[in-house]
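Student: I am new to this structure and would be grateful for a close look at a single part of it. Please choose one residue, describe its setting with care, and then show how that setting fits into the rest of the chain.

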Amino acid sequence: MTRPITGRVESGQRRSGAPDPMRSGQPAPVAEPGIARIAVDLLGGDEAPAVVVDGALRACQADPTLQLLLVGPPEAAELLLSALPPAEHHRVGSLAVAEPDPAACTSITVQAVAQGLADAVLSAGDTGAIVLSAARALGRWPGIRRPPLAALLPTATGRLVLLDVGSSVDPDGLTLVNHARLGAAYASIVCGVAAPRVGLLTIGTERGKGDRLRRAAAELFADLELPAGARYVGRVEGHDVVTGIPADVVVTDGFSGNVLLKGLETAYATIGQPAPDRPPPPRAAALLGVSGTVVVCHGAASGRDIAAGIGLAATLHRHDAVPVMAELTHGPTIPQVHQEVVHEQ
């Protein structure tokens, strides 16, 4: 097992790379088989750091092979350590951020993965800060200009991948094409769906339905080559996201996807899920198209949500999901576009 990291990082320090814990004289964590090292953004979320500490404690208690690198106020990390038995303290490292700057804390958390101090990131912070930090520190896959957030939703028939749910609110048709490929790979590798069915969310299934973006994207989707044996099944509507009958992956822009996600999550929490006999998927989204494992929770996430997000990050790492998806989507069918990092608030 690895020993904790301690240290203090000034806001903005080492912007070109991750903070260097060796400057404090403590060794960095070393990757071990079966161990998932998750960097946790303590300042991410509306109720941070208290709710993040609660979620981190729940995750530690649920997974004995989990190790956490807590990035943020040292007193918050101490709260978690005080709640764990002394024999478990070796599982929790900390990287102190000197100033209470949420954006800086998010950036440092992502950089910890870039320099190998952790295997994955969990943050409930500002989506724009997370996406930009991940794109810059971890890098994007070829052809991916706008990395999307992919969420798992319960349906009457199982689970469904919805993307984008908040990263790119005003994309073009080419961006939706790339997101369709990423979503198909995610459904195949993470959800185990054989030959995923991919649909385009719009207001009707007839040809010509939808706004200008949806009409243009539908033409591009018609001839799209998808990975993992996936196929495009055409336009789908909002009720199809609840039933899950026509599609395993639903592609839309980040604005409508975020509205739909939050509406459905609230409805399911209030009146019940469409399939109450099945365990719900984590209320967290994976950032796809970047060279690292990044999981994002709602700003209003609860401790249970944070714990579920940490669990999702650990699962993605242990299954090598990111490199496998990158291999699946690699090829000339990914259009090469101008590599500008874009995120709309």
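Tutor: Phe-221 counts as buried, because its relative accessible area is 1%, below the cut-off of 20%. The model in which this is seen is a predicted one.

Phe-221 belongs to a group of buried residues in helix H6, which spans residues 212-222; the others are Leu-213, Arg-214, Ala-217 and Ala-218. These five residues lie on the same side of H6, because the arc that they cover around the axis is only 130 degrees. The spacing has a general background: an α-helix has 3.6 residues a turn, so residues three or four places apart point the same way. The other side of H6 carries Arg-212 and Ala-222, which are exposed.

The next matter is what lies over the buried side. The cover of the buried residues of H6 includes two helices, H5 and H8 (254-271), together with the strands S8 (197-201), S9 (231-236) and S10 (249-251). One of these strands, S9, holds the ring partner of Phe-221, namely Tyr-232. The ring centres of Phe-221 and Tyr-232 are 5.2 Å apart and the ring planes stand at 75 degrees, so the arrangement is edge-to-face; the cut-off for that class is over 60 degrees. A search of the whole structure finds one aromatic pair. Its two members are eleven residues apart, and the pair thus links distant parts of the chain.

Between H6 and S9 runs a loop, and Ala-228 lies in that loop. Ala-228 has a positive phi of about 60 degrees, although it is not a glycine. As general background, most residues other than glycine have a negative phi. With a relative accessibility of 26%, Ala-228 is classed as partly exposed, because that class runs between 20% and 50%.

Ala-228 also leads back to helix H5, for it is in contact with Ser-188, and Ser-188 has its place in H5. Apart from neighbours within four places in sequence, Ser-188 touches Val-193 and Pro-196 as well as Ala-228. Ser-188 is buried, because its relative accessibility is 18%, under the limit of 20%.

Helix H5, one of the elements that cover the buried residues of H6, has a further role in the interior. The largest nonpolar core of the model has 64 residues, and H5 (residues 173-189) gives the most to this core, with eight residues. At least three residues of this core come from domain 1 (34-142 + 290-319), and at least three come from domain 2 (145-288). Those with the most contacts inside the core are Ile-38, Leu-68, Leu-70, Leu-80, Tyr-186 and Ile-310. There is also a second, separate core of 38 residues, which includes Val-113, Ala-134, Leu-138 and Val-241.

Leu-68 may serve as an example from the 64-residue core. Leaving out residues up to four places away in sequence, Leu-68 touches Ile-38, Val-40, Ala-56, Cys-60, Leu-80, Arg-91, Val-92, Gly-93 and Ile-310. One of these partners, Ala-56, lies in helix H1 (residues 50-62). Ala-56 is buried, because its relative accessible area is 0%. Along the chain Ala-56 and Leu-68 are twelve residues apart, and their C-alpha atoms are separated by 7.9 Å. With residues up to four places away again left out, Ala-56 touches Leu-70, Leu-80, Ile-306 and Ile-310 in addition to Leu-68.

A wider view may close the account. The protein has ten helices and twelve strands, and of its 345 residues, 55% count as buried. Of the contacts between residues at least 6 apart in sequence, 78% join residues at least 24 apart. A disulfide, in general terms, is a covalent bond between the sulfur atoms of two cysteines; a search of the whole structure finds zero of them. Phe-221, with which the description began, is a buried residue of H6, and its ring stands edge-to-face with that of Tyr-232.

Key: Residues numbered from 1 in each chain as written. Predicted model: local features only at pLDDT ≥ 70, side-chain atom pairs only at ≥ 80, totals over all residues. Heavy atoms only, no water. Core = buried A, V, L, I, M, F, W, Y, C linked by side-chain atoms within 4.5 Å. Buried < 20%, exposed > 50% of the residue type's maximum accessible area, 1.4 Å probe, protein only. Helix = DSSP H or I, 4+ residues; strand = E, 2+ residues; numbered from the N terminus. Domains from an automatic or database assignment. Contact = heavy atoms within 4.5 Å. Arc of directions from axis to C-beta. Phe/Tyr/Trp six-rings, centres within 6.5 Å; stacked < 30°, edge-to-face > 60°. Disulfide = S-S within 2.5 Å.
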